[in-house]
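Here is a walk through one protein model, from its charged contacts to its strands. Keep the viewer open and click along as you read.

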Amino acid sequence: MEVRQYSEDEHNVMSHRLAELFGIPEEERAILELHKFEGVRFYHLVGPENVARVREFETREDDIVISTYSKSGTHWIYEIVQLIRAKGHLEKIDRSQMLSSTIEVFYIPECTRPTYEIVNEKKSPRVITTHLPWQFLPKQVTEQKKGKVIYVMRNPKDVLASNCRFLLGSSGKGKDEELWKYLFNTFLTGDAPYGSWFDHVENAWVNRNQGNVFFTSYEQLQKDFKSVVKPLSQFLGHELDEDALDRVEEKSTVQAMKKTYDDIEKNIPGGTALVKAMGKSSFVVKGVIGSWKDYFTVAENELLDQVCKEKMANWDLDVVFE
């Protein structure tokens, strides 16, 4: 089995098919067309000017920037951070801060205003989320250490499987085999939105010791929650006692978050946009390790293993797949 490359025309044909499957009206599907900026592919929803402006974005000393590759637990870690700051008291979280917390996109549904403008207007302390690779994060936080970065890695097999479920629907790759092959191949070549998973993770990993960075993994959070969250609370300056840790853990389970997100959708104006992508696909689904086993054929898994072995040959980072 060989990895396939796609032409620009093929990329855009596939992006329109994904947009249709995702339920985006025909007149709005161009937002998922693709472009390249400094060698990295992005959706038009993430315009080149947006990426450039985010890199020059003025951060604040108390900013928290959550950096993840897509489908790596962004909403989970966002909820954990908010719960840490609230000492596990759900009712104390200001949900208005969730709106447009992702800094690099155009505000949905109008797609006319970049979200970095909205983030700039938010009151402190801000929790900012992004899928941008390390080299596009605000220089004030990566170079001047003005603010803190939390980076969450998730193993590449589950990232790909979760992206597939997110974009193609709950029935996954069986819904459209051709689109699945497209997602699979572009993930392996790094020609996917936000670029290569391997580059994304490695660039964050090599910068993990610069003092204002907390690097962890989705799998470590799943396997030993408190071993991550206790030092994370210290890193954020909100150290938790055991009772508060228990509350944070209880309120950030998948079932608890589904209930929280249901309440947000029902009770907060515009709440659907906060908990579902494009108002369609929920940000909280399974929250498990090893869901990739439902997606890959033997040949696909062997090919991904081969690519992982090549790309990660010099890493001193353990990646847990199940």
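Is Glu242 buried, partly exposed or exposed? Glu242 counts as partly exposed, because its relative accessibility is 44%. Before going further, keep in mind that this is a predicted model.

**Salt bridges**

Glu242 makes a good starting point, as its side chain meets that of Lys226 in a salt bridge, with 3.6 Å from N to O. Lys226 sits in helix H10 (residues 225-235) and Glu242 in helix H11 (residues 242-251), so this pair ties together parts that are 16 residues apart in sequence. Lys226 is also partly exposed, at 26% relative accessibility.

The count of salt bridges comes to 18. Among them are links with shared partners that join Glu8, Lys36, Arg41 and Asp191 into one network.

Now have a look at helix H2 (residues 48-55), which holds Arg55. The side chain of Arg55 meets that of Glu38 at 2.7 Å, N to O, in a salt bridge. Glu38 belongs to the loop between strand S1 (34-37) and strand S2 (40-43), so here the pair ties together parts that are 17 residues apart in sequence. The two ends sit in contrasting surroundings: Arg55 is buried at 17% relative accessible area, whereas Glu38 counts as exposed at 51%. The cut-offs matter for both calls, because buried means under 20% and exposed means over 50%.

H2 also has a salt bridge within itself. Arg53 and Glu49 both lie in this helix, 4 residues apart, which is about one turn. Their side chains meet at 3.5 Å, N to O. Arg53 counts as partly exposed, with 42% relative accessibility.

Here are the three pairs with their distances:

| Salt bridge | Distance, N to O |
|---|---|
| Glu38 and Arg55 | 2.7 Å |
| Arg53 and Glu49 | 3.5 Å |
| Lys226 and Glu242 | 3.6 Å |

Some charges sit outside these pairings. Glu20, Glu26, Glu27 and Glu28 form a negative surface patch. One of its members, Glu20, is found in helix H1 (residues 8-21).

**Backbone oddities**

Glu38 deserves a second click. Although Glu38 is not a glycine, its phi is positive, at about 50°. Which other residue has a positive phi, near 70°? That would be Lys71, again a residue other than glycine. Lys71 is in the loop between strand S3 (64-68) and helix H3 (74-85). Lys71 is buried, with a relative accessible area of 13%, while Glu38 is exposed, at 51%.

There is a cis peptide bond to check too. It joins Ser124 and Pro125, and its omega is about -5°. Pro125 is placed in the loop between helix H4 (115-121) and strand S4 (127-130).

**Strands and their pairing**

Just past that loop comes S4 itself. Val127 and Thr129 point one way from S4, Ile128 and Thr130 point the other way, and all are buried. That fits a general pattern: in a regular strand the side chains alternate between the two faces of the sheet. S4 pairs with S3 in the parallel sense, over 4 bridges. If you want a spot to zoom in on, Ser67 stands opposite Thr130 in S4.

How many residues of strand S6 (residues 213-217) are buried? It's 5 of the 5, so S6 is largely enclosed by the rest of the structure. Val213, Phe215 and Ser217 point one way from the strand, with Phe214 and Thr216 pointing the other way. S6 runs parallel to strand S5 (residues 148-153), and 5 bridges join the two. For a concrete example, take Tyr151, whose bridge partner in S6 is Phe215.

**Ends of the sequence, side by side**

One last stop: which residue lies 6.7 Å from Met1, C-alpha to C-alpha, although the two are 298 residues apart in sequence? The answer is Ala299. Ala299 is placed in helix H14 (residues 298-311), and it is partly exposed, with a relative accessible area of 34%.

Technical notes: Residues are numbered from 1 along each chain as its sequence is written. This is a predicted model: local features need pLDDT of at least 70, side-chain atom pairs count only at pLDDT 80 or more; totals for chains, interfaces and linings use all residues. Side-chain values use heavy atoms; hydrogens and water are left out. Buried means under 20% relative accessible area, exposed over 50%, partly exposed in between (1.4 Å probe, protein chains only). Two strands pair if DSSP finds at least two bridges between them. Patches are made of residues with over 30% relative accessible area and no salt bridge: like charges are joined within 9 Å, nonpolar side chains (Val, Leu, Ile, Met, Phe, Trp, Tyr) within 5 Å. Accessible areas come from the Shrake-Rupley method with a 1.4 Å probe; for residues, only the protein chains shown count as cover. A salt bridge is a side-chain nitrogen of Lys or Arg within 4 Å of a carboxyl oxygen of Asp or Glu. Lys and Arg count as positive and Asp and Glu as negative; His and the chain ends are not counted. The place of a charge is taken as NZ of Lys, CZ of Arg, CG of Asp or CD of Glu.
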